[in-house]
Amino acid sequence: MEIILVTGGMGFIGSNFIRYIVENDKDFRIINVDKLTYAGNPENLKDMMKGDHLQFYKVDICDYNAISTIIKKEKVEYIVNFAAESHVDRSIENPDIFIQTNVIGTQTLLNAAKKSEIKKFLQISTDEVYGSLGFEDPPFTETSNLAPNSPYSASKAAADLLVRSYYKTFNLPINITRCSNNYGPYQFPEKLIPLMINNALNDKELPVYGKGINIRDWIHVYDHSSAILKVLLEGKIGEIYNIGGNSESTNIDLVKRLLKILKKPENLIKFVKDRPGHDLRYAIDFNKIRNELNWEPKVNLEQGLEETINWYKNNQEWMNNVIDKEYLTYYEKHYKNR
Ligand code: NAD
Ligand code: DAU
(Lines give C-alpha, C1' and ligand atoms only; values in the text may rest on other atoms or scores of the structure.)
(Ligands and ions follow the chains in the order given, each with its own letter.)
Protein backbone atom coordinates (compact mmCIF):
# COMPACT_ATOMS: atom_id res chain seq x y z
CA MET A 1 0.00 0.00 0.00
CA GLU A 2 1.26 3.50 -0.92
CA ILE A 3 0.67 6.46 1.38
CA ILE A 4 -0.22 9.67 -0.37
CA LEU A 5 -0.76 13.11 1.12
CA VAL A 6 -3.28 15.10 -0.92
CA THR A 7 -3.57 18.81 -0.11
CA GLY A 8 -6.78 20.64 -1.05
CA GLY A 9 -8.64 17.34 -1.22
CA MET A 10 -11.99 18.90 -0.26
CA GLY A 11 -11.95 21.16 -3.32
CA PHE A 12 -13.16 20.42 -6.82
CA ILE A 13 -10.23 18.60 -8.45
CA GLY A 14 -8.70 17.23 -5.22
CA SER A 15 -11.94 15.52 -4.19
CA ASN A 16 -12.47 14.13 -7.68
CA PHE A 17 -8.90 12.80 -7.67
CA ILE A 18 -9.46 11.05 -4.33
CA ARG A 19 -12.76 9.65 -5.63
CA TYR A 20 -10.96 8.46 -8.79
CA ILE A 21 -8.34 6.57 -6.77
CA VAL A 22 -10.83 5.01 -4.37
CA GLU A 23 -13.26 4.01 -7.14
CA ASN A 24 -10.48 2.51 -9.22
CA ASP A 25 -9.54 0.37 -6.25
CA LYS A 26 -5.97 1.60 -6.11
CA ASP A 27 -4.05 0.36 -3.13
CA PHE A 28 -3.47 3.73 -1.47
CA ARG A 29 -3.98 5.21 1.95
CA ILE A 30 -4.89 8.86 1.37
CA ILE A 31 -4.18 11.62 3.87
CA ASN A 32 -6.29 14.63 2.94
CA VAL A 33 -5.08 17.99 4.29
CA ASP A 34 -7.38 20.94 3.70
CA LYS A 35 -7.92 24.30 5.39
CA LEU A 36 -11.60 24.27 4.37
CA THR A 37 -11.78 27.71 2.79
CA TYR A 38 -15.01 28.74 1.03
CA ALA A 39 -13.99 26.31 -1.75
CA GLY A 40 -13.37 23.29 0.48
CA ASN A 41 -16.48 21.27 1.15
CA PRO A 42 -16.51 18.07 3.24
CA GLU A 43 -19.77 17.14 1.48
CA ASN A 44 -17.65 16.45 -1.62
CA LEU A 45 -16.28 13.29 0.02
CA LYS A 46 -19.10 12.51 2.44
CA ASP A 47 -19.72 9.05 0.95
CA MET A 48 -15.99 8.18 0.92
CA MET A 49 -14.96 8.84 4.50
CA LYS A 50 -15.63 5.38 5.94
CA GLY A 51 -12.76 2.97 6.49
CA ASP A 52 -9.03 3.23 6.93
CA HIS A 53 -8.08 4.27 3.42
CA LEU A 54 -8.90 7.96 3.95
CA GLN A 55 -7.85 10.30 6.76
CA PHE A 56 -8.74 13.99 6.94
CA TYR A 57 -6.83 16.80 8.70
CA LYS A 58 -8.15 20.37 8.78
CA VAL A 59 -4.79 22.11 8.37
CA ASP A 60 -3.38 25.10 6.48
CA ILE A 61 -0.51 24.19 4.12
CA CYS A 62 1.31 27.29 5.46
CA ASP A 63 1.55 25.59 8.89
CA TYR A 64 5.00 23.97 8.76
CA ASN A 65 4.81 22.22 12.14
CA ALA A 66 1.42 20.66 11.47
CA ILE A 67 2.44 19.49 7.97
CA SER A 68 5.76 18.03 9.19
CA THR A 69 4.02 16.20 12.01
CA ILE A 70 1.47 14.68 9.63
CA ILE A 71 4.15 13.59 7.15
CA LYS A 72 6.07 11.86 9.92
CA LYS A 73 3.09 10.37 11.76
CA GLU A 74 1.42 9.03 8.62
CA LYS A 75 4.69 7.91 6.98
CA VAL A 76 3.79 9.83 3.82
CA GLU A 77 5.46 8.64 0.59
CA TYR A 78 3.86 10.90 -2.03
CA ILE A 79 2.63 14.50 -1.84
CA VAL A 80 0.16 15.89 -4.40
CA ASN A 81 -0.36 19.62 -3.91
CA PHE A 82 -3.79 20.76 -5.11
CA ALA A 83 -4.33 23.29 -2.31
CA ALA A 84 -4.61 26.77 -3.74
CA GLU A 85 -6.71 29.83 -4.18
CA SER A 86 -7.94 29.04 -7.67
CA HIS A 87 -10.25 31.74 -9.01
CA VAL A 88 -8.81 34.45 -11.30
CA ASP A 89 -11.51 37.05 -10.55
CA ARG A 90 -10.90 36.77 -6.81
CA SER A 91 -7.15 37.22 -7.39
CA ILE A 92 -7.91 40.52 -9.13
CA GLU A 93 -9.94 41.70 -6.13
CA ASN A 94 -7.57 40.43 -3.43
CA PRO A 95 -4.17 39.09 -4.54
CA ASP A 96 -2.69 38.76 -1.02
CA ILE A 97 -4.21 35.41 -0.07
CA PHE A 98 -3.07 34.01 -3.44
CA ILE A 99 0.55 34.79 -2.62
CA GLN A 100 0.13 33.41 0.89
CA THR A 101 -1.41 30.06 -0.03
CA ASN A 102 -0.08 29.45 -3.54
CA VAL A 103 3.50 30.65 -3.00
CA ILE A 104 4.26 30.53 0.75
CA GLY A 105 2.06 27.45 1.17
CA THR A 106 3.88 25.57 -1.58
CA GLN A 107 7.27 26.55 -0.19
CA THR A 108 6.19 25.39 3.28
CA LEU A 109 5.23 22.01 1.84
CA LEU A 110 8.53 21.81 -0.03
CA ASN A 111 10.46 22.51 3.17
CA ALA A 112 8.55 19.80 5.01
CA ALA A 113 9.02 17.35 2.10
CA LYS A 114 12.76 18.09 1.97
CA LYS A 115 13.11 16.96 5.58
CA SER A 116 11.44 13.60 4.92
CA GLU A 117 12.03 10.58 2.71
CA ILE A 118 9.32 11.06 0.11
CA LYS A 119 9.14 9.28 -3.24
CA LYS A 120 7.65 12.25 -5.08
CA PHE A 121 6.27 15.77 -4.72
CA LEU A 122 3.73 16.49 -7.45
CA GLN A 123 2.73 20.12 -7.97
CA ILE A 124 -0.67 20.61 -9.63
CA SER A 125 -0.19 23.65 -11.82
CA THR A 126 -2.04 25.26 -14.68
CA ASP A 127 -1.73 26.21 -18.34
CA GLU A 128 -2.33 29.82 -17.21
CA VAL A 129 1.34 30.12 -16.22
CA TYR A 130 2.15 30.33 -19.95
CA GLY A 131 0.00 33.43 -20.41
CA SER A 132 -2.20 33.99 -23.43
CA LEU A 133 -2.16 32.83 -27.08
CA GLY A 134 -3.36 34.57 -30.23
CA PHE A 135 -6.02 32.80 -32.33
CA GLU A 136 -3.43 31.42 -34.77
CA ASP A 137 -0.61 30.61 -32.33
CA PRO A 138 0.52 27.01 -31.81
CA PRO A 139 -0.52 25.48 -28.46
CA PHE A 140 1.65 25.78 -25.32
CA THR A 141 4.37 23.16 -24.90
CA GLU A 142 6.32 22.45 -21.71
CA THR A 143 9.12 24.69 -23.03
CA SER A 144 6.90 27.70 -23.73
CA ASN A 145 7.89 30.83 -21.81
CA LEU A 146 6.19 31.56 -18.52
CA ALA A 147 4.20 34.78 -18.97
CA PRO A 148 1.41 34.83 -16.37
CA ASN A 149 -1.06 37.73 -16.62
CA SER A 150 -3.18 37.58 -13.44
CA PRO A 151 -2.15 37.57 -9.78
CA TYR A 152 -3.50 33.99 -9.66
CA SER A 153 -1.39 32.73 -12.56
CA ALA A 154 1.66 34.70 -11.37
CA SER A 155 1.37 32.99 -7.96
CA LYS A 156 1.12 29.58 -9.65
CA ALA A 157 4.16 30.34 -11.84
CA ALA A 158 6.11 31.41 -8.75
CA ALA A 159 5.20 28.13 -7.06
CA ASP A 160 6.31 26.14 -10.13
CA LEU A 161 9.70 27.85 -10.05
CA LEU A 162 10.10 27.08 -6.35
CA VAL A 163 9.25 23.42 -6.97
CA ARG A 164 11.79 23.32 -9.80
CA SER A 165 14.43 24.94 -7.60
CA TYR A 166 13.98 22.32 -4.85
CA TYR A 167 14.63 19.66 -7.48
CA LYS A 168 17.73 21.39 -8.87
CA THR A 169 19.18 22.48 -5.53
CA PHE A 170 18.09 19.81 -3.07
CA ASN A 171 17.36 16.84 -5.38
CA LEU A 172 13.78 16.71 -4.15
CA PRO A 173 12.00 14.23 -6.48
CA ILE A 174 9.34 16.35 -8.19
CA ASN A 175 6.97 16.58 -11.11
CA ILE A 176 4.83 19.52 -12.22
CA THR A 177 1.62 19.11 -14.22
CA ARG A 178 0.01 21.99 -16.12
CA CYS A 179 -3.58 21.37 -17.09
CA SER A 180 -6.25 23.28 -18.98
CA ASN A 181 -9.78 24.20 -17.76
CA ASN A 182 -11.48 21.41 -15.81
CA TYR A 183 -15.20 20.76 -15.59
CA GLY A 184 -17.33 18.09 -13.93
CA PRO A 185 -19.13 17.39 -10.65
CA TYR A 186 -18.44 19.25 -7.38
CA GLN A 187 -17.07 22.43 -9.00
CA PHE A 188 -17.70 25.61 -7.03
CA PRO A 189 -20.24 27.76 -8.95
CA GLU A 190 -17.92 30.76 -9.37
CA LYS A 191 -16.32 29.00 -12.37
CA LEU A 192 -17.85 29.35 -15.84
CA ILE A 193 -19.58 25.99 -16.36
CA PRO A 194 -21.29 25.39 -12.99
CA LEU A 195 -22.18 29.10 -12.76
CA MET A 196 -23.89 29.04 -16.15
CA ILE A 197 -25.66 25.73 -15.47
CA ASN A 198 -26.98 26.92 -12.11
CA ASN A 199 -28.10 30.30 -13.44
CA ALA A 200 -29.81 28.73 -16.44
CA LEU A 201 -31.60 26.15 -14.26
CA ASN A 202 -32.93 29.07 -12.20
CA ASP A 203 -33.74 31.24 -15.27
CA LYS A 204 -31.17 33.85 -14.19
CA GLU A 205 -28.96 35.89 -16.54
CA LEU A 206 -25.73 34.26 -17.78
CA PRO A 207 -22.92 36.87 -17.51
CA VAL A 208 -20.50 36.45 -20.43
CA TYR A 209 -17.37 38.61 -20.14
CA GLY A 210 -16.61 40.96 -23.04
CA LYS A 211 -17.74 39.57 -26.38
CA GLY A 212 -17.40 35.92 -25.34
CA ILE A 213 -14.67 35.31 -27.92
CA ASN A 214 -12.04 34.09 -25.43
CA ILE A 215 -11.02 30.47 -25.96
CA ARG A 216 -10.41 27.80 -23.32
CA ASP A 217 -9.47 24.13 -23.71
CA TRP A 218 -11.88 22.01 -21.64
CA ILE A 219 -11.01 18.73 -19.94
CA HIS A 220 -13.21 16.53 -17.78
CA VAL A 221 -11.92 16.29 -14.21
CA TYR A 222 -11.96 12.50 -14.56
CA ASP A 223 -9.37 12.73 -17.35
CA HIS A 224 -7.27 15.19 -15.34
CA SER A 225 -7.36 12.74 -12.40
CA SER A 226 -6.19 9.82 -14.53
CA ALA A 227 -3.32 11.94 -15.89
CA ILE A 228 -2.26 13.01 -12.39
CA LEU A 229 -2.11 9.41 -11.21
CA LYS A 230 -0.04 8.45 -14.27
CA VAL A 231 2.46 11.23 -13.65
CA LEU A 232 2.59 10.43 -9.94
CA LEU A 233 3.46 6.78 -10.52
CA GLU A 234 5.30 6.88 -13.87
CA GLY A 235 6.46 10.47 -14.51
CA LYS A 236 10.18 10.94 -14.94
CA ILE A 237 11.62 12.79 -11.91
CA GLY A 238 12.17 16.51 -12.53
CA GLU A 239 9.85 16.71 -15.54
CA ILE A 240 6.91 18.98 -16.35
CA TYR A 241 3.87 17.48 -18.11
CA ASN A 242 1.15 19.44 -19.90
CA ILE A 243 -2.34 17.95 -19.69
CA GLY A 244 -5.07 18.97 -22.15
CA GLY A 245 -8.54 17.98 -23.24
CA ASN A 246 -8.24 18.55 -27.00
CA SER A 247 -11.47 20.58 -26.80
CA GLU A 248 -11.04 24.26 -27.55
CA SER A 249 -14.16 26.42 -27.50
CA THR A 250 -15.01 30.11 -27.35
CA ASN A 251 -16.91 30.99 -24.20
CA ILE A 252 -19.96 32.08 -26.14
CA ASP A 253 -20.15 28.81 -28.09
CA LEU A 254 -19.76 26.83 -24.87
CA VAL A 255 -22.51 28.79 -23.12
CA LYS A 256 -24.82 28.30 -26.11
CA ARG A 257 -24.10 24.55 -26.06
CA LEU A 258 -25.04 24.42 -22.38
CA LEU A 259 -28.28 26.31 -23.05
CA LYS A 260 -29.13 23.95 -25.90
CA ILE A 261 -28.64 20.84 -23.73
CA LEU A 262 -30.63 22.51 -20.93
CA LYS A 263 -33.36 23.55 -23.40
CA LYS A 264 -33.17 27.15 -22.16
CA PRO A 265 -33.38 30.32 -24.36
CA GLU A 266 -30.29 32.23 -25.54
CA ASN A 267 -31.81 35.51 -24.40
CA LEU A 268 -30.65 34.59 -20.87
CA ILE A 269 -27.14 35.54 -22.03
CA LYS A 270 -25.96 38.96 -20.85
CA PHE A 271 -22.67 40.40 -22.10
CA VAL A 272 -20.95 42.15 -19.17
CA LYS A 273 -17.78 44.20 -18.67
CA ASP A 274 -14.65 42.21 -19.49
CA ARG A 275 -12.29 40.71 -16.90
CA PRO A 276 -9.18 42.97 -16.58
CA GLY A 277 -6.16 41.38 -18.26
CA HIS A 278 -8.44 38.65 -19.67
CA ASP A 279 -6.33 35.97 -21.40
CA LEU A 280 -7.56 35.55 -24.97
CA ARG A 281 -6.79 31.89 -25.57
CA TYR A 282 -5.32 28.79 -23.91
CA ALA A 283 -4.43 25.70 -25.92
CA ILE A 284 -2.31 22.77 -24.80
CA ASP A 285 0.13 20.54 -26.65
CA PHE A 286 0.09 17.34 -24.59
CA ASN A 287 2.23 15.17 -26.88
CA LYS A 288 4.79 14.66 -24.11
CA ILE A 289 2.44 12.86 -21.71
CA ARG A 290 0.79 11.06 -24.65
CA ASN A 291 4.08 9.75 -26.03
CA GLU A 292 6.02 9.15 -22.78
CA LEU A 293 3.25 7.95 -20.46
CA ASN A 294 0.66 6.72 -22.95
CA TRP A 295 -2.09 8.98 -21.58
CA GLU A 296 -4.97 10.50 -23.50
CA PRO A 297 -8.21 12.23 -22.49
CA LYS A 298 -11.19 9.90 -22.90
CA VAL A 299 -14.26 12.02 -22.20
CA ASN A 300 -15.69 13.73 -25.25
CA LEU A 301 -16.85 17.32 -24.54
CA GLU A 302 -20.48 16.90 -25.65
CA GLN A 303 -20.97 13.77 -23.57
CA GLY A 304 -19.05 15.28 -20.62
CA LEU A 305 -21.22 18.42 -20.66
CA GLU A 306 -24.43 16.37 -20.73
CA GLU A 307 -23.27 14.23 -17.80
CA THR A 308 -22.14 17.32 -15.89
CA ILE A 309 -25.48 19.07 -16.44
CA ASN A 310 -27.29 15.95 -15.21
CA TRP A 311 -25.09 15.84 -12.12
CA TYR A 312 -25.92 19.46 -11.19
CA LYS A 313 -29.62 18.85 -11.93
CA ASN A 314 -29.57 15.83 -9.60
CA ASN A 315 -27.53 17.62 -6.93
CA GLN A 316 -29.42 20.87 -6.46
CA GLU A 317 -29.12 20.42 -2.71
CA TRP A 318 -25.30 20.37 -2.95
CA MET A 319 -25.47 23.56 -5.03
CA ASN A 320 -27.86 25.28 -2.63
CA ASN A 321 -25.67 24.44 0.36
CA VAL A 322 -22.58 25.80 -1.38
CA ILE A 323 -24.41 28.95 -2.36
CA ASP A 324 -25.79 29.42 1.17
CA LYS A 325 -22.29 29.10 2.58
CA GLU A 326 -20.67 32.07 0.93
CA TYR A 327 -21.47 32.49 -2.65
CA LEU A 328 -24.34 34.93 -2.81
CA THR A 329 -22.45 37.68 -1.02
CA TYR A 330 -19.48 37.26 -3.33
CA TYR A 331 -21.62 37.00 -6.44
CA GLU A 332 -23.55 40.15 -5.71
CA LYS A 333 -20.45 42.16 -4.78
CA HIS A 334 -18.60 40.93 -7.84
CA TYR A 335 -21.28 41.56 -10.41
CA LYS A 336 -22.58 44.85 -9.02
CA ASN A 337 -19.65 46.63 -10.70
CA ARG A 338 -20.04 45.02 -14.10
P1 NAD B 1 -10.71 24.71 -5.56
O2 NAD B 1 -10.69 26.17 -5.30
O3 NAD B 1 -11.99 24.04 -5.90
O4 NAD B 1 -10.12 23.94 -4.28
C5 NAD B 1 -9.01 24.37 -3.57
C6 NAD B 1 -8.94 23.58 -2.27
O7 NAD B 1 -7.77 23.98 -1.56
C8 NAD B 1 -10.13 23.82 -1.33
O9 NAD B 1 -10.57 22.61 -0.78
C10 NAD B 1 -9.55 24.72 -0.24
O11 NAD B 1 -10.20 24.58 1.01
C12 NAD B 1 -8.11 24.24 -0.21
N13 NAD B 1 -7.19 25.26 0.33
C14 NAD B 1 -7.11 26.56 -0.05
N15 NAD B 1 -6.15 27.18 0.67
C16 NAD B 1 -5.62 26.25 1.49
C17 NAD B 1 -4.56 26.28 2.46
N18 NAD B 1 -3.89 27.41 2.72
N19 NAD B 1 -4.26 25.14 3.11
C20 NAD B 1 -4.95 23.99 2.86
N21 NAD B 1 -5.96 23.91 1.96
C22 NAD B 1 -6.28 25.03 1.29
O23 NAD B 1 -9.62 24.49 -6.68
P24 NAD B 1 -9.58 23.43 -7.87
O25 NAD B 1 -10.29 23.98 -9.03
O26 NAD B 1 -9.95 22.10 -7.35
O27 NAD B 1 -8.02 23.46 -8.22
C28 NAD B 1 -7.11 22.60 -7.54
C29 NAD B 1 -5.71 22.84 -8.07
O30 NAD B 1 -5.67 22.61 -9.47
C31 NAD B 1 -5.23 24.28 -7.87
O32 NAD B 1 -3.86 24.23 -7.50
C33 NAD B 1 -5.37 24.93 -9.24
O34 NAD B 1 -4.43 25.95 -9.43
C35 NAD B 1 -5.13 23.75 -10.15
N36 NAD B 1 -5.80 23.79 -11.46
C37 NAD B 1 -7.14 24.03 -11.54
C38 NAD B 1 -7.77 24.00 -12.79
C39 NAD B 1 -9.26 24.22 -12.94
O40 NAD B 1 -9.74 24.30 -14.06
N41 NAD B 1 -10.03 24.32 -11.87
C42 NAD B 1 -7.02 23.72 -13.95
C43 NAD B 1 -5.63 23.49 -13.81
C44 NAD B 1 -5.05 23.51 -12.56
O1 DAU C 1 -6.82 27.07 -17.45
C2 DAU C 1 -6.81 26.53 -16.17
C3 DAU C 1 -7.50 27.49 -15.22
O4 DAU C 1 -8.88 27.45 -15.51
C5 DAU C 1 -7.25 27.17 -13.74
O6 DAU C 1 -5.89 27.32 -13.46
C7 DAU C 1 -8.08 28.07 -12.83
O8 DAU C 1 -7.95 27.64 -11.48
C9 DAU C 1 -9.54 27.96 -13.23
O10 DAU C 1 -10.31 28.86 -12.46
C11 DAU C 1 -9.71 28.28 -14.73
O12 DAU C 1 -9.44 29.68 -14.99
P13 DAU C 1 -10.35 30.53 -16.00
O14 DAU C 1 -10.22 31.95 -15.68
O15 DAU C 1 -10.10 30.11 -17.40
O16 DAU C 1 -11.81 29.92 -15.57
P17 DAU C 1 -13.21 30.64 -15.33
O18 DAU C 1 -14.21 29.54 -15.15
O19 DAU C 1 -13.16 31.70 -14.30
O20 DAU C 1 -13.50 31.35 -16.71
C21 DAU C 1 -13.50 30.62 -17.93
C22 DAU C 1 -13.74 31.63 -19.06
O23 DAU C 1 -15.07 32.13 -18.95
C24 DAU C 1 -12.84 32.84 -18.99
O25 DAU C 1 -12.52 33.25 -20.31
C26 DAU C 1 -13.69 33.90 -18.31
C27 DAU C 1 -15.08 33.55 -18.77
N28 DAU C 1 -16.18 33.84 -17.81
C29 DAU C 1 -16.06 33.37 -16.54
C30 DAU C 1 -17.05 33.59 -15.62
C31 DAU C 1 -16.91 33.10 -14.20
C32 DAU C 1 -17.30 34.51 -18.23
O33 DAU C 1 -17.44 34.92 -19.40
N34 DAU C 1 -18.30 34.73 -17.32
C35 DAU C 1 -18.21 34.31 -16.02
O36 DAU C 1 -19.15 34.57 -15.23
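**Exercise 1. Sort the shell around ligand 1 in this predicted model into nonpolar, polar and charged residues.**

Solution. Start with the classes: the shell holds 13 nonpolar residues, 11 polar ones and four charged ones. Keep in mind that Gly is counted among the polar residues here. Next, pick out the residues that come nearest to ligand 1: of the 28 around it, these are Ile13, Asp34, Ser86, Tyr152 and Lys156.

**Exercise 2. Find which elements each supply at least two residues of the shell around ligand 1, and which one gives the largest share.**

Solution. Go along the chain. Helix 1 (12–23) qualifies, and so does strand 5 (120–126). Further on come helix 5 (151–170) and strand 7 (181–183), which also supply at least two residues each. Now look for the largest share: strand 5 provides it, with three residues.

**Exercise 3. Trace backbone contacts to oxygen atoms of ligand 1 at Gly11, Ile13 and Phe82, then work out how much of the ligand the protein buries.**

Solution. Take the residues in sequence order. At Gly11, a backbone N or O atom sits 2.9 Å from an oxygen atom of the ligand. For Ile13, the distance between a polar backbone atom and a ligand oxygen is 2.7 Å. Phe82 brings a backbone N or O atom to 3.0 Å from an oxygen atom of ligand 1. Last comes the area: on its own, ligand 1 exposes 840 Å², and the protein buries 97% of that.

**Exercise 4. Describe the surroundings of ligand 2, from its nearest residues to its covered area.**

Solution. Begin with the neighbours. There are 25 residues around ligand 2, and Asp127, Glu128, Tyr152, Arg275 and His278 come nearest. By class, the shell divides into 11 nonpolar, eight polar and six charged residues.

Then turn to the contacts with ligand oxygen atoms. Leu192 uses a backbone N or O atom, at 2.8 Å. Arg275 uses a polar side-chain atom, at 2.6 Å. His278 has a side-chain N or O atom 2.7 Å from an oxygen of the ligand.

Now for the area: alone, ligand 2 has 690 Å² of accessible area, and the protein covers 95% of it. To finish, helix 6 (192–201) and strand 8 (206–209) are the elements that give two or more residues to this shell.

**Exercise 5. Decide whether Cys62 and Cys179 are buried or partly exposed, and state how many disulfides the structure holds.**

Solution. The cut-off to apply is that buried means under 20% relative accessible area. Cys62 has 21% relative accessibility, so it counts as partly exposed. Cys179 has 4%, so it counts as buried. As a reminder, a disulfide is a covalent bond between the sulfur atoms of two cysteines. The structure holds zero disulfides.

**Exercise 6. Place His220 and Gln55 in their strands, classify their exposure and list their contacts, leaving aside residues up to four places away in sequence.**

Solution. His220 belongs to strand 9 (residues 215–220). Its relative accessibility is 9%, and therefore His220 counts as buried. With sequence neighbours up to four places away set aside, His220 touches Tyr183, Gly184, Pro185, Val299, Gly304 and Thr308.

Gln55 is found in strand 3 (residues 54–58). At 29% relative accessibility, Gln55 counts as partly exposed. Beyond its neighbours within four places, Gln55 contacts Arg29, Ile30, Ile31, Asn32 and Glu74. Take Asn32 as a closing check: Gln55 and Asn32 are 23 residues apart in sequence, while their C-alpha atoms are 6.0 Å apart in space.

Terms used. Residues are numbered from 1 along each chain as its sequence is written. Chains are lettered from A and ligands numbered from 1 in the order in which they are written. This is a predicted model: local features need pLDDT of at least 70, side-chain atom pairs count only at pLDDT 80 or more; totals for chains, interfaces and linings use all residues. Side-chain values use heavy atoms; hydrogens and water are left out. A disulfide is a pair of cysteine sulfur atoms within 2.5 Å. Buried means under 20% relative accessible area, exposed over 50%, partly exposed in between (1.4 Å probe, protein chains only). A residue is near a molecule or strand if one of its heavy atoms lies within 4 Å of it. A polar contact is a pair of N or O atoms within 3.5 Å; within protein, one must be able to donate a hydrogen and the other to accept it, and residues adjacent in sequence count only if both atoms are side-chain atoms. Accessible areas come from the Shrake-Rupley method with a 1.4 Å probe; for residues, only the protein chains shown count as cover. Helices (H or I, at least four residues) and strands (E, at least two) are DSSP runs, numbered from the N terminus. Contact means heavy atoms within 4.5 Å.
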